[in-house]
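Biologist: Please choose one part of this model and take me through it closely, explaining each term as you come to it. I would like a connected account that I can follow with the structure open beside me.

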Amino acid sequence: MKKFLCIVIAGVLIAPSLLGMPADTIDTTYRPRIGLVLSGGGARGMAHIGVLKILDELRIPVDVIAGTSAGAVVGGMYASGMDVAEIEKFARDIDWKDMLNDKPSRDFRSFRKKTQENENLMGFEVGFRSWNVVFPQGVIAGQKLSFTLKAITLPVSGIQDFDALPVPYRAVATDIATGERVVLRGGNLAEAMRASMSIPGVLAPVEINGRLLVDGMFVQNLPVDVAQAMGADVIIAVDIGAPLMDRSHLNSVLGITAQVMNMVTTENVNQQAALLTNKDVLIRPDIGSVSVADYLQADAIITDGEKAARQWIPMLRRFSVSDEIYNEFRKKIHTRRKTHDRIDFIRIGKNIGQDPRIYHRLKTQPGSSLNMKTLKADLTRIYALGDFEKVDFDIVTEDTSRGLLIDGRWKSWGPNYLRFGLTMATDLEGHSSVNALADYTMSRRNQLGAEWKHLFRVGQNPTYFTEWYQPLDFKGNFFMAPYGRAQRFESGFYQQRVEIAQYNGYAAEAGHDFGISFGNAGELRAGAIWGHIDAHNTSSATRKSINAERSGIRIRTQFDMTDHPDFPKKGSIWQSEYFSSQKKWGSDGAYQTLRGAGMVVHTWDRNSIMGAFEAGSDLGTSSPIYELSELGGFLRMSGYRPGQIKGRHFGMTRFMYYRRLSAPNMSYREGLYAGFSVETGNAWDKHSQITSRDLKFSGAVVVGIDTVVGPLYLAYARAPHQEGIVYIMIGRPF
């Protein structure tokens, strides 16, 4: 009887709350605990945002989240308390190409690093230790990616237990040493997200609690059982993995590799999908042929996620709640996000704290508000030193004070680095050159950051160059640089287009510069130089062989403020060099030379214009033949062969227009360009001969592509009274 009365009373209390409710809403004191499971899939993971938009529209509260790879990233943002609208804005606005490129922008790179880019070396480097080549752990270290994840999850950075996050959360990763699944339940949220998405060979692994972790897709790409273990009564799973490709797409190494990865993930996804019951929902967006790396299609991918979720609305409505309950749910999530305003102290971590250069690159100060833009610039300046694999930050507390911890990791493949390069030029008429380059730089020779550079060039005009670059202060404002160079060379003299003399020989020089750095924009160098030239005329008796000593004082200024070394869109370059040959130092003659060059670039939309000039003179001091200035070759009077125009005085101007025809992609790092160049100039033996009536003209139409080995150009050039020249060139012409 008592049991019957209890049932009646309960019915009386509950019934009024059910009266008048919409048929698609179950607004009861009890509702099922909903678990959201998000799979991995690289850029395809942005479809998860579309699904979240529909869940938000239907007022479906998510109680727990488990994700892998891209699913761990989107899920982590939601678990941190971000609105769906905030997550969508992040995905649409972020510059994915830049975020997945570790290289700091040229605004942060030292001028020395910029000059190294002009040496036609590829960006990828390897270590060299004990006569062994050491490779990085990934093509991308993830410097910018890690900072971005830390920044967006900063309000919950103090939460170490993922059950205490606004929405309880789990991320799945793979222990690369054992192959075991690792379910991340606590620690730093951003690091967990980053570990779960670390594709081996592409993104460097993340070490957490002594375990080296990579992408979780290899062991569990759809972690249904993880969400069930968190107490979920109902699972809403979203699988955005790429389907298996048909045989027509399996015709390359990349295609085969992608297929193998798809096979691995498909198997473990099917195993997890089998755990779902008829009360659960499995959403599989149709994202078509979008690849895991196609981050530029954010809008379309998010829309695909929305479309897929809308097809499940009749079933999803079962989990909707009233506006009042859903608003309370969202409010509760947001109140658990905390902001970090004041920074009471700054600590440099033990891993990188022994480098005193770090302290001189920080503008964030204790006692001030934490400005993420300033902090990002601080970390970028430290990372731009080139010695660190990662420079990271965290918010820490000591007693009642809140502080900023900056730490990182030295490059595991350093401190000695090898880089390689290739240059090639041909006019398809027998005049060609191919050069292979290798740079071996020994960095961190002392606390001031000295480095010893060795550059080898094999091919036409083989060269060896070495320099000890020694900063004289921790900021790098002052430096000294002893150096040496040895080179074999060939140089021709032309009458019209016919070569009338050919010099073959070698040149060697040694010098010592003292210099001042002007921030990252440029430098001034001044120093003494001693050299020797020995060249033999192999084709004409009318010109004597050369055996000369060349010693004197050289002063150089260089500024580079462009945004890109190959296809600049803005900025300028300025260079000048003065040389005074000194007989008292052993030189064969007393003379002077002065040369200068400049370039300015402006861009609107996809169009760029460039104005440039070069000029030089021996100032009327009758410089020897080996000091003659040369014009000719691609973009230096393109309609003439290299060295076809020579003289003691010269000048040239260039106007160039180019347009980007295609956006950057995996094949073209900066896109495909086409344009034209118009050039005018000449060279004269005597100052009295210089006249505008004697100017020569030249022009070229150009197609350029920025490839992995460097910029590739195809051009056709003409000059009056000259035959056309076709150029195929790999290397930087500016």
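Modeller: Helices (H or I, at least four residues) and strands (E, at least two) are DSSP runs, and they are numbered from the N terminus. The model is predicted, so local features need pLDDT of at least 70 and side-chain atom pairs count only at pLDDT 80 or more, while totals for chains, interfaces and linings use all residues. Residues are numbered from 1 along each chain as its sequence is written, and side-chain values use heavy atoms, with hydrogens and water left out.

The part I have chosen is the second largest cavity, together with the strands that lead away from it. A cavity is a set of points, on a 1 Å grid over the protein atoms alone, where a 1.4 Å probe fits but cannot get out, and its lining residues have an atom within 4 Å of a point. Grid points are joined across faces, edges and corners, and the volume is the space filled by probe spheres set on the points. By this rule there are four cavities of 30 Å³ or more; the largest has a volume of about 80 Å³, and the second largest holds about 50 Å³.

Among the residues lining the second largest cavity are Lys150, Leu154, Asn188, Phe393 and Ile395. By class, this lining has five nonpolar, three polar and two charged residues, where Ala, Val, Leu, Ile, Met, Phe, Trp, Tyr, Cys and Pro count as nonpolar, Asp, Glu, Lys and Arg as charged, and the others, Gly among them, as polar. Two elements, α8 (189–196) and β16 (388–398), each supply at least two lining residues, and the largest share, three residues, comes from β16. The cavity lies between domain 1 (34–102 + 141–336) and domain 2 (342–410), because both give residues to its lining; the domain bounds come from an automatic or database domain assignment.

From the cavity we can follow β16 into its sheet, an open one of three strands in the order β14-β17-β16, with mixed pairing. In this sheet β14 (345–348) and β16 stand at the edges, each with a single partner strand, so one side of each is left without a neighbour. Neighbouring strands are turned by 20° against each other on average, direction ignored, where the axes are lines fitted to C-alpha atoms and angles run from 0 to 180 degrees between N-to-C directions. Strands of a sheet pair through backbone hydrogen bonds, either parallel or antiparallel. Two strands count as paired if DSSP finds at least two bridges between them, and here 10 bridges join β16 to β17, which run antiparallel. One of the residues to look at is Glu398, whose bridge partner in β17 is Ser401.

Beyond β17 the backbone deserves a pause. Most residues other than glycine have a negative phi, and most peptide bonds are trans. In the loop between β17 (401–410) and β18 (416–426) sits Pro415, and the peptide bond from Gly414 to Pro415 is cis, with omega near 5°.

For a last comparison of backbone angles, look at Arg59, which lies in the loop between α2 (47–57) and β2 (64–68) and has a positive phi, near 60°, although it is not a glycine. At 23% relative accessibility Arg59 counts as partly exposed, a class that lies between buried (under 20% relative accessible area) and exposed (over 50%), using a 1.4 Å probe and protein chains only.

Technical notes. On a 1 Å grid over the protein atoms alone, a cavity is a set of points where a 1.4 Å probe fits but cannot get out, and a pocket is an open set with protein on both sides within 12 Å along at least five of seven lines; lining residues have an atom within 4 Å of a point.
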